[in-house]
Structure formats: structure tokens, C-alpha cells
4 protein chains.
Amino acid sequence: MLRCAVIGAKGYTGLEIAELLLKHPDVTISYLADMDDKPVMLKEYLPHISPKVDLQIAKYDFDEIGEKSDVVFLALPHRVSLLYAEQFLNKNAVVIDLSADYRFKKVAVYEKWYDKKHTSKHLLKDAVYGLSELNKEAISKAQLIANPGCFPTGSILGLAPLLRNELIKTEGIVIDAKTGVSGAGRNPSAANHFGELHENFKAYKVNVHQHSPEIVDQLNALSKEEVKITFVPHLLPLSRGILSTIYVERKNGVTESKIHSAYEKFYKESIFIRLKAKGTSPQLKDVAYTNFCDIGVTVDAKSNRVIIITAIDNLLKGAAGQAVQNMNIRCGFAEDCGFFE
Amino acid sequence: MLRCAVIGAKGYTGLEIAELLLKHPDVTISYLADMDDKPVMLKEYLPHISPKVDLQIAKYDFDEIGEKSDVVFLALPHRVSLLYAEQFLNKNAVVIDLSADYRFKKVAVYEKWYDKKHTSKHLLKDAVYGLSELNKEAISKAQLIANPGCFPTGSILGLAPLLRNELIKTEGIVIDAKTGVSGAGRNPSAANHFGELHENFKAYKVNVHQHSPEIVDQLNALSKEEVKITFVPHLLPLSRGILSTIYVERKNGVTESKIHSAYEKFYKESIFIRLKAKGTSPQLKDVAYTNFCDIGVTVDAKSNRVIIITAIDNLLKGAAGQAVQNMNIRCGFAEDCGFFE
Amino acid sequence: MLRCAVIGAKGYTGLEIAELLLKHPDVTISYLADMDDKPVMLKEYLPHISPKVDLQIAKYDFDEIGEKSDVVFLALPHRVSLLYAEQFLNKNAVVIDLSADYRFKKVAVYEKWYDKKHTSKHLLKDAVYGLSELNKEAISKAQLIANPGCFPTGSILGLAPLLRNELIKTEGIVIDAKTGVSGAGRNPSAANHFGELHENFKAYKVNVHQHSPEIVDQLNALSKEEVKITFVPHLLPLSRGILSTIYVERKNGVTESKIHSAYEKFYKESIFIRLKAKGTSPQLKDVAYTNFCDIGVTVDAKSNRVIIITAIDNLLKGAAGQAVQNMNIRCGFAEDCGFFE
Amino acid sequence: MLRCAVIGAKGYTGLEIAELLLKHPDVTISYLADMDDKPVMLKEYLPHISPKVDLQIAKYDFDEIGEKSDVVFLALPHRVSLLYAEQFLNKNAVVIDLSADYRFKKVAVYEKWYDKKHTSKHLLKDAVYGLSELNKEAISKAQLIANPGCFPTGSILGLAPLLRNELIKTEGIVIDAKTGVSGAGRNPSAANHFGELHENFKAYKVNVHQHSPEIVDQLNALSKEEVKITFVPHLLPLSRGILSTIYVERKNGVTESKIHSAYEKFYKESIFIRLKAKGTSPQLKDVAYTNFCDIGVTVDAKSNRVIIITAIDNLLKGAAGQAVQNMNIRCGFAEDCGFFE
């Protein structure tokens with residue numbers, strides 16, 4: 001049995017990881033850690049699990065965690081993971097970090113967007129960006145996996161087949177993303193106030209969201225030419241899910257069937273990617289509480305635009321689910337092990 | 001007192017018109033008409049109005065309506081208005097039609113998108129497209145006003161200052177629109193089933209929505225060059241409002257300040273248009289239950305894109321409110337007469 | 001014109017009062033006060049009002065308020081009003097207080113439930129409990145009006161006709177109340193966190209809510225025998241409204257028709273009370289954004305129970321609306337002046 | 001492996017059963033039946049299951065179903081099950097019926113409330129009412145299990161310990177129940193129209209709901225004296241769950257601790273019943289998507305009332321979950337087999 005620890009186990013993401021690990025047939029939870037002094041029962045935070053589960057969330061004890069764990073999930077705020085990753089690596093644990101701290105090869109980009117000096121730059125070189133469908137080979141050998149952000153996951157999965165096959169122009173890419181509220185976390189704030197969200201809808205951080213450089217970075221890795229995007233996130237009055245509507249211009253001579261077969265080929269072996277039949281469109285309730293990414297592609301012959309719509313659960317494929325999928329890849333399990341019954 | 005009739009008074013739009021007319025100081029309601037044989041009290045359908053209002057919604061009597069009314073609002077389904085408009089025009093009433101039947105100068109476009117032979121084409125020449133802020137002069141003299149669709153209202157108001165002043169390229173315009181559920185009307189269907197909408201979000205009619213040609217038609221009227229758009233509507237889990245996020249490319253040499261001042265100048269005298277301060281963004285709850293259109297404009301220097309976000313109430317500025325605003329313009333009242341206390 | 005001031009004008013209740021006063025034909029707003037140093041425009045907080053309204057919310061200046069105002073609305077937290085009411089009374093203003101501070105004749109009850117020493121007890125004797133339909137005569141002469149709580153308003157209006165006419169037993173009264181979220185105010189907290197409310201429903205303060213003694217107090221004033229109630233509030237995933245389902249036992253020999261006619265007679269002249277026809281039931285969307293209280297009464301012959309259901313908007317009939325209704329009564333206007341167009 | 005069939009597999013309840021059976025380690029699905037001619041893939045209706053599941057929902061073939069199945073779940077409308085149950089019993093299958101057709105021992109009560117002649121009365125004698133926690137012994141031997149209604153499940157579980165131990169008066173029991181929308185099924189109607197539900201709340205079928213006689217029937221079986229209840233259901237703007245607030249009067253001399261220990265003892269071995277700690281209250285989000293019934297009990301010393309609050313998921317503990325729990329009991333599996341990972 002693989003021994004797994006979760007650091008930051010009381011946050012939305014940490015709890016989702018714990019719930020997935022509980023369902024996993026080849027995994028045992030070695031430690032659930034948090035900052036509070038007083039331990040609490042996991043089932044107080046996860047009312048849906050069996051009453052027989054008597055795991056606790058207890059205060060960090062790094063030595064104990066390191067010794068007892070083969071895999072350590074860091075479900076910590078941005079800027080905090082970079083303080084802790086190394087000590088678990090030193091104990092030979094695989095570290096799967098869900099913050100942004102190891103996602104950027106260029107320190108300057110990270111430091112600008114997260115307004116924080118990076119204190120463990122030497123780890124960046126070997127960190128692998130954990131977008132499971134794209135980097136499977138590298139993930140399977142990585143010691144430090146930088147789990148992608150929620151918006152980047154939905155955006156990059158939608159664009160990868162087109163960029164890799166050079167079917168579209170790399171300028172003028174528009175990503176109009178809409179997210180549920182759970183991304184705003186557990187602490188009460190204006191961002192999750194019922195009166196601000198219910199019967200409301202709005203854009204936020206228009207063109208200045210910190211996921212923008214992460215998307216650009218990864219799209220550039222897929223593309224020969226430099227990519228330029230416009231990224232606008234919006235806030236939906238619902239709990240879970242991100243739907244991204246992506247607009248691009250196809251290159252001259254690229255046919256509709258070429259586009260569709262690029263997707264089919266690219267995701268042929270990806271169990272969590274579901275391509276929608278022509279004329280149908282992804283919707284959030286199909287992917288909520290799953291690790292799926294549904295993708296629909298429409299070609300507008302008149303304007304030469306391709307419209308790609310992707311739908312994910314922000315807490316699963318956009319965070320905890322992809323982290324466990326990466327653990328499966330890294331540790332030699334089937335990619336969907338523990339996700340279905 | 002101006003005598004006004006509403007045909008189709010039991011639908012969401014017809015009721016909104018009735019409610020606005022009740023509040024209007026210079027108007028009296030001469031007739032509320034519907035197809036049912038049995039008359040019902042208006043207040044059964046509008047529980048918020050004064051118990052003292054004893055108006056009825058009664059069966060159509062066209063002669064009586066024509067004789068008793070200076071203005072007739074047609075709040076009827078598409079393809080039905082074209083059967084009835086003429087008889088009221090013949091009685092010298094001003095007709096404000098809320099369907100699509102008189103919005104297109106080119107009959108072929110209408111007949112293609114609405115799949116219906118147009119049986120009163122001779123009226124099209126003099127029909128005026130009732131986008132109040134753009135066509136004020138013509139509206140003030142029109143006998144037949146074709147009230148705009150909800151999506152076109154939000155889209156065109158967002159683009160007009162840029163197109164009229166030739167500040168943007170006319171290709172590659174992307175309109176990503178999100179609407180509340182009230183647009184789907186009162187009759188139960190999959191489109192307004194709670195289980196299909198609550199905790200869900202999706203695109204629909206991707207690039208094939210019937211409002212697309214209406215938008216193109218009107219944008220072309222504003223622009224010297226032919227306009228090409230990609231239009232994708234989405235369905236929000238809330239009742240009222242349309243938020244449209246519009247992406248365009250500015251022409252070379254057009255500065256940010258030039259863009260902002262184009263909006264300020266264009267809407268200087270438009271009481272229902274509110275331009276958001278730089279860095280802030282429209283939101284649906286600010287415009288719900290109002291006739292406002294809020295507009296936010298962001299320039300992305302890196303990609304040369306301009307992002308315009310507009311927010312309206314689909315039943316008011318997108319239908320009933322604009323119809324009454326047009327009545328005000330046509331009949332010589334202040335544009336906002338009856339809207340505020 | 002009557003000159004009115006609102007103290008606490010940035011809270012949900014204070015803003016509702018301001019909006020009602022704006023619509024009132026015989027009133028002018030003399031002052032909108034708040035604690036912040038920096039004045040803000042009212043329309044920033046009330047996006048639905050006319051852009052022409054240029055009122056400000058400014059810092060308290062008690063002398064100025066007192067001199068410029070005939071009526072002062074105190075929309076302040078419990079325990080704060082008792083510090084301020086007297087100075088406005090001394091300036092001969094009518095004070096309408098929306099907190100609990102002047103609702104109890106017995107100081108001990110107040111001090112127990114609100115855990116605060118009452119520092120202006122001498123004002124209690126002349127304070128009038130402002131449940132408009134019950135105390136119209138006294139309200140019309142009061143200098144200090146204690147506006148009722150939201151739950152008490154819905155509960156007492158439902159029970160008054162039965163208790164006043166001695167038609168029911170006074171023991172075993174059950175009040176099962178369900179409220180929208182707006183009652184939890186504007187400051188972010190667990191009580192208004194989207195993730196805690198959306199797709200959730202729960203009871204809270206079971207049998208220990210501070211509105212319980214207020215209800216008992218007022219029911220006792222209506223009844224010859226002492227009243228015993230069980231009161232359980234619940235939290236709904238919606239913004240506005242309180243629906244109260246009340247269960248009582250009729251006295252022997254009291255017929256169904258006697259019960260219904262008691263309601264009709266009692267509320268014969270109450271424009272804001274609407275009795276539902278037999279077999280129909282109140283619903284929140286009929287009263288939201290209105291000052292109405294809808295009441296439905298069902299008699300269960302088998303168990304001798306009477307089921308009374310009342311629906312109000314918690315911010316209007318349950319707070320700001322009733323306050324303005326009381327102002328109308330006190331100042332000689334029609335009771336519904338300013339509420340309808 | 002136990003072979004299980006679901007008749008009515010496209011309804012909300014049938015799909016929930018199918019999803020639970022898929023997760024069950026000792027069960028194989030032998031048939032998923034529906035009325036439509038054209039077979040469809042189960043995963044089109046259950047987007048959350050593994051893409052590898054290639055089960056179909058196909059048209060009824062009763063002979064085949066009978067031969068291939070050890071257990072047949074009837075997820076059919078009321079009045080339809082009574083046409084089909086017998087043929088599966090004749091093939092020696094265990095039949096678990098989720099309609100009301102076999103819940104009543106007294107035919108007259110059924111025929112009155114469901115307005116239908118009962119055509120297979122001879123089966124009623126041996127049918128067992130499948131409230132798992134109460135009738136475990138009988139369920140374990142039953143051939144025909146009448147699965148309880150959703151409201152009865154929540155109500156009876158809340159009252160059973162008090163009635164069985166004669167701790168409360170049997171008159172004047174009030175059950176104020178609030179249900180989510182999923183109970184109203186998949187077909188579009190006014191009962192599940194977004195505009196009728198969102199931002200709304202109301203009671204319905206006040207004191208005339210068909211679950212009322214079912215509750216009375218079962219409570220009488222638990223009690224020495226005849227039980228009288230008042231039952232009022234309400235409709236919540238959310239998808240899943242029923243919260244029931246139940247008000248009873250304790251008998252003289254019954255202490256609070258006696259009441260609490262009655263619950264503890266009664267449910268000592270019931271893994272799906274969770275008793276809330278004193279001072280805390282059940283909430284729907286804790287039981288949504290689970291088979292739990294959470295119960296909170298409060299004693300009001302002043303009025304001698306006991307307030308019991310129960311929370312269940314209407315589609316699981318109130319329907320499909322309890323059906324599978326009953327299958328577990330009947331077929332010798334652990335009661336929670338297949339429910340947790």
C-alpha cells in the first residue's frame with residue numbers, strides 16, 4: 001500500500017484529496033496535517049464518508065510525515081509551499097504541490113505575479129508541470145510535481161491539440177472563463193458572500209488574473225510561435241465547475257474534419273477527456289464531482305473561427321482530482337484507479 | 001394622457017410593460033389583451049402592484065383596442081406580430097413591436113432565420129429599429145418601431161462607439177454572452193427546468209443563435225467595413241440579466257484614452273448608459289430590475305485587444321424597458337419618464 | 001414636505017428606508033448618516049435609483065440632523081440605538097427605531113436576551129410597539145416608535161385575529177419560521193457564506209432565538225390567557241422573505257367559518273394584508289420587494305388544528321417598509337403613500 | 001454475485017439505484033428497463049460513471065428480466081407497480097417496490113388517496129414496509145418489500161424512539177417538512193419551473209398530502225394509542241434533501257435525559273442514523289448524496305415540547321438508498337455494503 005500524506009487538510013482542496021485517497025484501493029492515508037493545535041476527526045469535515053473512518057487531522061509533524069509517507073500532497077496557499085517542499089523531497093517522498101510555487105520555470109514571472117521572493121529556486125529545474133494528459137511521461141518519473149491551476153487546466157486542455165498540430169494562429173486567442181464559487185475558499189469574504197453572488201454574475205481581474213501567465217507559459221511550450229491570449233474570468237452563482245469558452249482563428253486551409261481528428265487523436269488514450277459529439281456542448285453538471293474534462297469544438301466557416309468549450313470541476317480536475325491522477329501516473333497505477341467504482 | 005394597449009399581456013414581457021405603464025405619470029392603460037376567453041385581474045399576475053389597481057387582462061378585441069389606443073405594444077411571439085401590426089397602424093396608433101418581425105430590412109435574412117414567410121413586407125421600409133440610444137431621431141418620428149432583441153441590445157451598445165469612430169478592426173469580433181433564465185419564458189420546458197439549470201452552466205446554439213444576424217445587421221449599419229462576429233450565448237442559473245463580454249482588436253495607433261473618450265462622447269446624453277470607472281466591471285445585480293446598460297472597457301496593450309463588458313436586464317433594457325423608453329422618445333416625454341421616482 | 005433622516009444608512013435596512021423615502025411624494029431626505037469619515041454617494045449603494053439623485057451618505061452630525069429633521073430613522077445595531085434616541089427626541093423629532101432597544105416594556109427581558117444594561121429605561125414607558133396593523137391609534141400619536149423584529153411581524157400578524165377573538169388555545173402554539181439570507185447583513189461571516197447556504201437548509205437557535213420573547217410579549221398583550229410558544233427559525237438559500245408556518249389548536253366549538261371571518265374582519269382596513277383564498281397558500285415571491293403580508297389559513301377538522309401561513313419580505317414589512325408605513329400613520333399620510341405608483 | 005434488475009431506469013430514482021448497484025461489490029446489474037423502444041447507454045444518463053461502463057437501458061422484456069434477476073427494483077410511478085410486481089414474484093425474484101402500491105395494509109386508504117382500484121390486494125398481506133431501521137427482521141425474510149415514501153422516512157425515523165417508549169402524547173404531533181425539487185421528477189412542469197422555484201418558498205398540499213396517511217399508518221404501528229398528526233410539506237429552492245421539523249409534547253415526568261437515551265438506545269446499531277450532539281442541528285448539505293438520516297433533539301422545558309429535526313437525501317435514504325439498504329438486509333450483506341469506499 002502506498003502511504004500518502006496531505007498537508008493543509010482542512011481546506012477545500014485538501015479535503016477533496018483525502019476523500020479520493022479514502023476511495024483508492026492501493027493507498028493508505030499516513031497523515032492529515034493542519035496548523036491547528038487541536039486534532040479533529042476527518043469525518044467532521046467530510047460528512048459524507050463512512051462513520052467507521054476514524055482518521056484525524058492533526059498538527060504538522062514534519063519528521064513524522066516524512067518518515068511515514070511515500071507521497072506528500074501540499075494543499076497549501078501560494079507562497080507557503082516553497083517553504084516546505086524540500087524537506088519532504090529530502091526524505092525521498094514524491095511531492096505533489098497544488099500551489100503555484102513550482103509551476104514557473106522563470107522565477108521572474110512567478111515573483112512578479114505572486115509578489116514574493118522565491119526561496120527554493122534550485123528545485124524548479126526538476127519540477128514537472130502536472131497536466132496529466134500532456135506530460136504523462138515526465139510525471140511518471142518526477143519527484144516534484146507542480147499541479148496546474150484550475151483555469152489553466154481547462155484552457156490548456158482545450159487548446160493543446162490545435163497548437164501542437166499548428167492548426168491555428170497563435171495571436172488573438174480569447175479565453176472567456178466562468179468559475180463556480182468554491183474556488184474562493186472557506187474563509188468568509190466579499191468573494192463568497194451569498195448576497196454578492198446569488199442572482200449575480202460578473203467578470204473579475206479582467207486581463208490581470210495570475211493564471212494568465214501560467215496559461216501563456218504552457219501554451220508556448222506547445223507551440224512553435226509565441227502565443228498571445230486575452231483571458232477574462234467570471235464568477236458564477238453556483239458551487240463547482242469551470243466552463244471556458246475559447247475563441248481562436250484557424251490557419252488557412254485547415255478543414256473542419258482536420259480539426260476534429262486532431263482532438264480525437266490527441267486524446268485517444270485519455271480516459272478523463274470526453275469529446276462532445278458535433279452539435280452538442282459541455283455543461284458543468286456533467287463534470288461536477290468528477291475528474292472529467294468535457295470538450296466541445298465548433299468551427300465557424302464564415303469567420304474562420306474555432307470555438308472550443310471545456311468544462312471541468314475546479315476542485316477535482318482543476319486541483320485535487322488531477323493531483324491524485326498524477327499520483328496514479330507517478331506510482332504505476334491505472335490512471336483512473338480509485339476514481340470509479 | 002397617452003392611451004396605451006398591451007397585446008400579449010400575460011407573458012413575462014407584456015407584464016413588465018404593464019408594470020412600467022402603471023408607474024408612468026402621463027399614461028393610461030387602455031387595454032391589456034390576451035388570447036384566453038376568461039378575463040383575469042392584472043394583479044393576479046403582478047402580485048407587487050397596489051391592491052387598488054383593478055385592471056383586467058381580457059380577450060383581444062382589435063377594433064376596440066385600435067379605437068381606444070394611441071400606442072399599441074405587441075408582446076407576441078415571433079411570427080405572430082406580422083399578422084397584427086398593420087391593423088393598428090391603420091387606426092393611426094403607434095405600434096411598438098417586441099418580436100423580431102420588423103427588425104430586418106432584408107426579408108431573406110428574416111425568412112431564413114425565423115423559418116417563416118414574411119406576409120407584411122411593405123411595412124418594413126418604414127419600420128425603425130428601436131435601439132433608443134442609437135436611433136433617437138428616427139424613433140421620435142416612427143409609426144412602427146421594431147424593438148431590439150435582448151442579446152443585440154447588450155452587444156450593439158457595447159460596440160457602437162468603437163465602430164462609429166472606426167477605432168477597431170471589423171473582423172474577429174467575439175461576443176460571449178451570458179443570459180438569465182427569464183428569457184426562456186413562462187411555459188414549462190427543458191429550457192427552464194430547475195434540475196437542468198440550478199448548479200449548471202452551458203453554452204447553447206453555439207454560433208447559430210437567431211440574434212446573430214440581427215447583431216451583424218445593425219453593426220454593419222454603424223460601420224464602413226463589413227463586420228464579422230462570433231456570437232456564443234450561455235445560460236446562467238439566475239433569473240434576470242445578460243452580461244456580454246466582447247473582444248475586439250483596436251486599429252494601429254488607437255490609444256487607450258481615445259477609446260475611453262469615444263464612449264464618453266457617444267453616450268454623453270444617454271441617461272440609461274453608465275460607464276464604469278477604469279478597473280471596475282459591470283455586474284448583473286446592479287442592472288437587474290432597471291433599464292440601465294452598464295459598460296466597462298479595458299484595453300490590453302500587449303495583445304491590442306479591447307474588452308468591453310455590458311450588463312442589462314434582459315426583460316427591461318432588453319425588452320419592455322426599452323419599449324417604454326421608445327414610447328417616451330416617440331411621444332415627447334423625457335426619456336426616463338416613469339422609470340424612477 | 002416632511003424632513004426625514006436615516007442613521008445607519010449603509011446597512012441593508014437603512015438603504016431600504018432611503019429607497020422608500022426617495023419614492024415618497026411628501027417627504028424630503030434631510031440627512032443620510034453613517035460612521036465613516038468619507039462621504040459616499042447614495043447611488044453607489046443603490047444602483048437602481050436615478051443617476052440624477054445626488055444625495056450623500058455622510059458622517060453623523062447629531063446637531064445638524066436634529067435641527068434639519070422631523071423624523072429620524074435609527075437603522076442601527078441592537079444596543080446602539082439606546083445611546084442615541086434621546087437626543088433626537090429632545091429636538092422634537094419623531095424617532096422610529098429599528099433595533100430591539102425599545103420593544104420591551106420589561107427591562108429585565110431585554111437585558112437578559114440582549115445581554116446589555118439598558119441605559120435609557122425612562123423612554124420605554126412612552127415607546128409604542130410599531131406593528132402598524134395592531135397599534136395604529138397609538139402609533140399615530142407616538143414620539144418614539146419601536147419598529148418590530150422581522151420574525152415577530154410575520155408571527156404576530158398571523159395569530160392576532162385568533163387570539164384577540166379567543167378562538168384558540170394559548171398553549172402549544174408552534175411557529176416554524178423560514179428566513180432568507182439578507183437578514184444576516186452585509187458583513188461577511190459564516191452566516192452568509194455562499195458555500196454554507198447554497199444547496200443547504202437548516203434550523204438555527206432552536207427555541208433560543210431572541211425574537212422569541214418579543215413574540216410572546218406581544219401575543220400576551222393580545223390574549224387574556226398567557227401564551228406559550230415554540231419558535232424555531234430556519235435559514236433558506238434565497239435572499240429575501242420570511243415564511244412562517246404556525247400551528248395552533250382551536251377551542252371547542254369554533255367553526256371554520258368563524259375563523260375565516262375573524263381574519264376578514266380584523267384586517268378589513270389593512271391595505272398591506274392580503275388573505276389568500278381557501279385552498280391557496282402564500283409564497284415568498286409574491287411578497288418579495290413589497291410591504292405586503294400574505295396570510296393563508298387552513299383548518300384541519302380531524303386534529304382541530306389551524307394552520308396559518310404568513311409571508312413577508314423581511315427587509316420591508318419586516319423592517320424598513322413597516323418603518324415607513326409607521327411614519328405615514330404618524331404623520332397623517334395615507335398608509336400606503338409612497339409604496340405604489 | 002447477486003443479479004439485480006431496475007425497472008423504470010430512466011427516472012431520477014431508477015438512475016440512483018443503478019448508480020448504487022454499480023458501486024456494490026457483490027452485485028451485478030442484469031437488466032435496466034424502460035418503456036422506450038430505442039436502447040440508450042446508461043452513461044448518457046449518468047455522466048459521472050466510468051466511460052468503461054457499457055450497460056444499456058433497454059425496453060422491458062419481462063420474461064428475460066425474471067429469468068436473469070434475483071432482485072427486481074420497481075422504480076415506477078404509483079399505480080403502475082401493482083400491474084407488474086406479481087410476475088417477478090412468480091419467478092422467485094425478491095421485489096423491492098418504490099411506489100406506494102404495497103405500503104398500505106388497508107386497501108381502502110390506498111384507494112382513497114391514490115384514487116385507483118387496487119388490483120393485486122392478495123400480495124398486501126405479505127408485503128413488508130421497508131423502513132430499514134424499524135423492520136430489519138421482517139425485511140430480511142420478505143419477498144415483496146414496499147419501500148417507504150420520502151417524507152414518511154424522515155418523519156417516522158424522528159418519532160419512532162419516542163412513540164415506541166411511550167414518552168410523548170400521541171395527539172397534536174406537528175410535522176413541518178421541507179423538500180428539495182428533485183422530488184418533482186424529470187418531466188417539465190410548473191412544479192419544477194426555475195422561475196417558480198428560484199428565490200421562492202411555499203407550502204403545498206397543506207394537510208392533504210398523500211404521505212400523510214402513510215405516516216399515520218406507520219406511527220400507529222409504533223404506538224399503543226392512536227396518533228394524530230398535522231403534516232405540511234414545503235418546497236425549497238434546492239435540489240436534494242428533506243428537512244423535517246417535528247413538534248411533540250412530552251408526557252408528564254419524562255426527563256430530557258430519558259428522551260436522549262431513548263434515541264441512543266433505539267439507534268445503537270443503525271449505521272445510517274447519526275444523532276447530533278446537544279445544541280447542534282442537522283443540515284441538508286451533511287446528508288445530500290448519502291444514505292444518512294441525521295437527527296437532532298431539543299427539549300423545551302417551559303412548554304414541555306420536544307423538537308425533533310431530521311435530515312435525509314430524498315432520493316437516497318428517501319428512495320433509492322433505502323431500497324439498496326433493504327436489498328443488503330434481505331440478501332445477507334452488511335447493511336452499508338456498497339455505500340462507502
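The exercises below, each with a worked solution, concern a predicted model with several chains.

In this predicted model local features need pLDDT of at least 70 and side-chain atom pairs count only at pLDDT 80 or more, while totals for chains, interfaces and linings use all residues. Residues are numbered from 1 along each chain as its sequence is written, chains are lettered from A and ligands numbered from 1 in the order in which they are written, and side-chain values use heavy atoms, with hydrogens and water left out.

**Exercise 1. Describe the contact of chain B with chain A: how many residues does each chain give, and what area is buried?**

Step 1. Begin with contact, which means heavy atoms within 4.5 Å; by this rule 39 residues of chain B and 39 residues of chain A take part.

Step 2. Turn next to buried area, the accessible area (1.4 Å probe) that two parts lose on being put together, summed over both. Between chain B and chain A this area is about 3,300 Å², and carbon and sulfur atoms give 58% of it. On the side of chain B, the residues that lose the most area to chain A are B:Glu199, B:Phe201 and B:Tyr247, which together account for 19% of what that side buries.

Step 3. Count the salt bridges, each being a side-chain nitrogen of Lys or Arg within 4 Å of a carboxyl oxygen of Asp or Glu: there are four between chain B and chain A. A:Lys178 takes part in a salt bridge with B:Asp176, where the closest N and O atoms are 3.1 Å apart.

Step 4. Sort the residues by class, where Ala, Val, Leu, Ile, Met, Phe, Trp, Tyr, Cys and Pro count as nonpolar, Asp, Glu, Lys and Arg as charged, and the others, Gly among them, as polar. The side of chain B that touches chain A then has 16 nonpolar, twelve polar and eleven charged residues.

**Exercise 2. Describe the contact of chain D with chain B: which three residues supply 51% of the area that chain D buries?**

Step 1. Chain D and chain B give 17 residues each to the contact, and the area buried between them is about 1,200 Å², with 65% from carbon and sulfur atoms.

Step 2. D:Pro188, D:His193 and D:Phe194 supply 51% of the area that chain D buries against chain B, more than any other three residues.

Step 3. The count of salt bridges between chain D and chain B is zero. Polar contacts are pairs of N or O atoms within 3.5 Å; within protein, one must be able to donate a hydrogen and the other to accept it, and residues adjacent in sequence count only if both atoms are side-chain atoms. Six residue pairs, both at pLDDT 80 or more, are in polar contact between chain D and chain B.

**Exercise 3. Examine helix H12 of chain C: how many of its residues are buried?**

Step 1. Helices (H or I, at least four residues) and strands (E, at least two) are DSSP runs, numbered from the N terminus. Helix H12 of chain C covers residues 320-331 and reaches 16 Å from its first C-alpha to its last.

Step 2. Buried means under 20% relative accessible area, exposed over 50%, and partly exposed in between (1.4 Å probe, protein chains only). Ten of the twelve residues of H12(C) are buried, among them C:Ala320, C:Val324 and C:Met327.

Step 3. Just after the helix, C:Gly332 takes a positive phi of about 85°.

**Exercise 4. Compare three salt bridges within chains: is each partner buried, partly exposed or exposed?**

Step 1. A:Glu133 and A:Lys317 form a salt bridge whose closest N and O atoms are 2.8 Å apart. The two residues lie 184 residues apart in the chain, and both are buried.

Step 2. B:Lys59 and B:Asp37 form a salt bridge at 3.0 Å between the closest N and O atoms. B:Lys59 is partly exposed, with a relative accessible area of 39%, whereas B:Asp37 is exposed at 63%.

Step 3. C:Asp34 and C:Lys10 meet in a salt bridge of 3.6 Å, N to O, and both are buried.

**Exercise 5. Follow B:Arg274: which side chain does it join in a polar contact of 2.8 Å?**

Step 1. B:Arg274 is in strand E13, residues 273-275, of chain B.

Step 2. A polar contact of 2.8 Å joins its side chain to that of B:Asp294, and the side chain of B:Arg274 also reaches the backbone oxygen of B:Asp286 at 3.2 Å.

How values were computed:
The expected span of a helix is 1.5 Å times one less than its number of residues.
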